[in-house]
Amino acid sequence: MSKVRDTRRTAVYEAESIVRKMLDRADERGLRTVEVAGSDVTLPVERRFASIASVQEYIDAVLALDWVRARWERAAVPVRVRARAGNAAAHYERDCATIALPEHRANTAWAFREMVVLHELAHHLDPHDPDDATEGAHGPAFVERFLALVGEIIGPEAAFALQATGIATPAHPRR
């Protein structure tokens, strides 16, 4: 089967970037209430991580949650976290169930945050082999998994902000 084009990738990354900036500004300014799509929303606090080991502990805890195990079979498959070279992207390696995150560089650690980790975990929880995919890696099923993780773990306000900033796909319209 030929590789399916990932037509929603840019929209997912852009929505995630906007929400990460909103969360950063809320932390910097101490003002957690913002207007999103005409609604006043109190943004939750997003966890940050100090090390690969702390990300690993977090992922192990998320995968052990009863509701995560009940919803996604692949939650039973352990995930390994490792450092990756470069600072441009985090990624998930399905063949070895590994999340690779760029480490702290020049006093920044953009990938050592909950939103990025949950994004990569949503890839891990995909029940389909990428070679048999019928949609791109960031298609409707990914969006559904990512929003469920964000909504239940970071908070429904963060999931709402993602939806309002364009992560929703035609099969998963904004609510």
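# Exercises on a predicted model

Of the 49 residues in the largest nonpolar core, Ile 59 and Leu 101 touch the most other members. A nonpolar core here is a set of buried Ala, Val, Leu, Ile, Met, Phe, Trp, Tyr and Cys residues joined through side-chain atoms within 4.5 Å. Buried means under 20% relative accessible area, exposed over 50%, and partly exposed in between (1.4 Å probe, protein chains only).

This is a predicted model, in which local features need pLDDT of at least 70 and side-chain atom pairs count only at pLDDT 80 or more, while totals for chains, interfaces and linings use all residues. Residues are numbered from 1 along each chain as its sequence is written, and side-chain values use heavy atoms, with hydrogens and water left out.

## Exercise 1: the core

Task: find which elements give two or more residues to the largest nonpolar core, and which residues Ile 59 touches.

Solution.
- Step 1. Begin with the elements: helices (H or I, at least four residues) and strands (E, at least two) are DSSP runs, numbered from the N terminus.
- Step 2. The protein has six helices and five strands, and from the N terminus on they run α-β-β-α-α-β-β-β-α-α-α.
- Step 3. Return to the core of 49 residues, where Ile 59 and Leu 101 touch the most other members. Two or more residues come from each of α1 (9-29), α2 (52-64), β5 (98-102), α4 (114-124), α5 and α6. The biggest giver is α5, with nine residues.
- Step 4. Contact means heavy atoms within 4.5 Å. Leaving aside residues up to four places away in sequence, Ile 59 touches Val 79, Val 81, Ile 99, Val 117 and Leu 121.
- Step 5. For the background: in soluble globular proteins, nonpolar side chains tend to be buried together. Of the 175 residues of this protein, 45% count as buried.

## Exercise 2: the sheet and its helices

Task: work out the order of the strands in the open sheet of three strands, then say which sheet strands α2 touches and which α4 touches.

Solution.
- Step 1. Two strands pair if DSSP finds at least two bridges between them. The order is β3-β5-β4, with mixed pairing.
- Step 2. The edge strands are β3 (80-84) and β4 (91-93), each pairing on one side only.
- Step 3. Follow one pairing: β3 and β5 run in the parallel sense over five bridges. Ala 83 has Leu 101 in β5 as its bridge partner.
- Step 4. Now add the helices. Packing on the sheet, α2 touches β3 and β5, and its direction makes about 150 degrees with that of β3. Also packing on the sheet, α4 touches β4 and β5, with its direction at about 155 degrees to that of β5. Axes are lines fitted to C-alpha atoms, for helices over the stretch in contact, and angles run from 0 to 180 degrees between N-to-C directions.
- Step 5. Look at α4 itself: eleven of its eleven residues are buried. Among them are Glu 114, His 119 and Leu 121. The buried residues of α4 pack against α1, α2, β4, β5, α5 and α6.

## Exercise 3: two helices together

Task: describe how α5 and α6 pack, and sort the residues of their contact.

Solution.
- Step 1. Helix α5 (residues 140-154) and helix α6 (residues 156-167) pack at an angle of about 145 degrees, their axes 6 Å apart.
- Step 2. On the α5 side are Val 143, Phe 146, Leu 147, Val 150, Gly 151 and Ile 154; they meet Pro 156, Ala 158, Ala 159, Leu 162, Gln 163 and Ile 167 in α6.
- Step 3. Sorted, the contact has ten nonpolar, two polar and no charged residues. For this sorting, Ala, Val, Leu, Ile, Met, Phe, Trp, Tyr, Cys and Pro count as nonpolar, Asp, Glu, Lys and Arg as charged, and the others, Gly among them, as polar.

## Exercise 4: two alanines in loops

Task: Ala 37 and Ala 97 each have a positive phi; decide whether each is buried or exposed.

Solution.
- Step 1. Recall that most residues other than glycine have a negative phi.
- Step 2. Ala 37 has a positive phi of about 50 degrees and lies in the loop between β1 and β2. Ala 37 counts as exposed because its relative accessibility is 63%.
- Step 3. Ala 97 has a phi near 45 degrees and is found in the loop between β4 and β5. With a relative accessible area of 7%, Ala 97 is buried.
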